[in-house]
Amino acid sequence: MATPCSARAPQPCEGGHVAQTDPRIDTELVSDLLLGKWKQERLEARKLAADPRVQSPPGLTMDEHRKRVFEQLQVLVDEGAIQRAFPVSVGGGDNHGGNIAAFQELVLADPSLQIKSGVQWGLFGAAILHLGTQPHHERWLPDVMSLKLPGAFAMTEIGHGSDVDAVGTTATYDPESQEFEIHTPFTGAWKDYLGNAAVHGQAAVVFAQLITRGVNHGVHAFFVPIRTPEGELLPGVGAEDDGVKGGLNGIDNGRLHFTHVRIPRGNLLNRYGDVAEDGTYSSPIESPGRRFFTMIGTLVQGRVSLDGSAVRAMEAALLVAIRYGSERRQFTGADGRDTVLLDYGQHQRRLIPRLAQTYAMAFASERLLTVFDEVFSGAHDTDENRQDLETLAAALKPLSTWAALDTLQEAREACGGAGFIAKNRLTSLRADLDIYATFEGDNTVLLQLVGKRLLSDYAAQFKGADRAALARAAAGQIGERVTRFGLRRIAQSVADLGQVGRSVENLRSTDTQRALLTDRVESMVAEVALALKSAGTGVSGHDRAVATEAAFNAQQHTLIEAARSHGELLQWEAFTEALERVEDADTLQVLTWLRDLFGLSLIEKNLAWYLMRGRLSAQRAEAVTAYVDRLTGRLRHQALDLVEVFGISPEVLRAEIATGIEAERQDEAQAYVDAQIAEGTRPVHEKELRKQRQREQRAQNTHVAERVAAS
């Protein structure tokens, strides 16, 4: 079988027509840039992902897949792949960032294995670690880590998904027996969609309303045994199998419900709230709301994990599609040969801007992981940093998981029928990652959380301001505004540059792109703030609350769009920061083109907004699209290099059409044609005969006309 095109070859694969003067990236430099701080952990995980023991062939039945994935969990344990995040005191490595980096790489082994391991160690185990105390760690974590104790993470309910604060399951304390009674009082309170719940789980961390002495102290987490080691459900515990799903069928998702199940008082994971023997409740955090968000915030690693995993899937999809598009030929070109797909402008347009987006998201994901590690390692563990981490994760996870679905689908279509074949993996990855958009937080709800944070920060800047001041801010007349939780603090607005429509001399300018992207976020937040301020004018009490709620609902779409744009700005900033670490001139040039393509694509996507608000003239709007087209065509010649540096080996990728097999087929076909021509046995096509007769007829007509003219 042919070897895929090498990113280090002096000339690209046939069809690229790269000029000798085109800059080429330093592949080792870019690879290291993408691998980031936890390079070693990522490389170790990729080596493991190449092991056939942790891969699952397509076509397994649900039961076969579940059995295989559970066995693969033990492979992870035996290879030392899951211990990084746990405390040294129980045999772990206290390496929070490295643990998530390695976890993200497993998505290409088998997403079912990745998420099943995430359930066992990233949710069930992590809940015991972060919500429990030392006695809980010593009692349960060694068995969790060794897989002796498989468990479920029982937060989501049929009736309450994203609204965790309102779950219906109760945990009522009985001081006489010193036990909690776990109970699901109605069907909507049944815990659902839980990995390990249908078959394998022997215990669950159950989130329930803690009630003692007649007072509900809000949602807390409890360790609840649910099965014997032999798989028999314990008294009072009920379970149902969710059955076949749209993807991730190697995971035994199911429902759990509890009928007056009693557990010891010590099974309350009591880091943030405890109950004494007599039923007295105590907590180091006085505010119930802050206590709840602090507890939930300790589980942010799930969103961080999914963000990077989605990026890895995007890299794989583009590696497949761009390799295939560099070899596959279709429709005869001017040179008489079929044209390479990637030489078509529309094919470039469908893949190369997504390549730019993938790079931006990769750099933003690394930044998010760094912030996560700083908080969870204790290096910068403050309330403010935890809140910023929560907001950053809530901004980036929706964008990357949506982008992964979009990129996988576009890559599938770009590969035609070959992309639909299961062994080329695009369809299975698309199916498995579908759920990423709604688990670990529904994407739209997460963006609403980001929008509310942006709005509250904006309100803090203008605390006490009247409507006129807010109106001036909304009109862009404030000289300095700050976008928070950015990868850098931005203190530059469009007003600093004058009117954007007049001041833009070069849309490729870093400052211009930053100004345009920042202005969109700030203007939308200001518009929402003004609308909410206006809604409460002239009314009070209940009427004011009703008016404000109605106004917020009316502005919800704008607020979510502001949050989306904020996340995109953070990604652009991460890419821009990465450029500052590149010293090789050619590499910097190519990556700058790629960053510009990402930034201008964002502006192009929202041209209507920029035009309607006078930020860009019609001529400048046309220039945006022209630059996007120009950069896309220019980067076509760099595309193979830019995907090869992802470092995804054939053993991990496992997509036949990305192995060079298409180039082999094309070479065989051309050799067949060349041999026929050389031997003179090539049949003449009817179309060519027609053309030949037409040429002969024209020549004859010309000859007759010349003779008539001469006579």
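Student: How much area does the protein expose, and what share of it do carbon and sulfur atoms supply?

Tutor: The protein exposes about 30100 Å², of which carbon and sulfur atoms supply 51%, with accessible areas taken from the Shrake-Rupley method with a 1.4 Å probe, and for residues only the protein chains shown count as cover. This is a predicted model, in which local features need pLDDT of at least 70, side-chain atom pairs count only at pLDDT 80 or more, and totals for chains, interfaces and linings use all residues. Residues are numbered from 1 along each chain as its sequence is written, and side-chain values use heavy atoms, with hydrogens and water left out.

Student: Why does the radius of gyration of the protein agree with that of a compact globule?

Tutor: The rule for a globule, over C-alpha atoms, is 2.2 Å times the number of residues to the power 0.38; for 711 residues this gives a value near 27 Å, and the protein has 30 Å, which agrees. Along its principal axes, the C-alpha trace spans about 125 × 70 × 45 Å.

Student: Which residues of helix 11 are buried, and what puts them on the same side?

Tutor: In helix 11 (residues 426–433), a DSSP run of H or I with at least four residues, numbered from the N terminus, the buried residues are L426, L429, D432 and L433, where buried means under 20% relative accessible area (1.4 Å probe, protein chains only). They lie on the same side of helix 11 because they cover an arc of only 135° around the axis, judged by the directions from the helix axis to the C-beta atoms.

Student: What covers these buried residues of helix 11?

Tutor: Their cover, by contact (heavy atoms within 4.5 Å), includes helix 5 (111–131), helix 8 (301–325) and helix 10 (383–414).

Notes. Buried < 20%, exposed > 50% of the residue type's maximum accessible area, 1.4 Å probe, protein only. Helix = DSSP H or I, 4+ residues; strand = E, 2+ residues; numbered from the N terminus.
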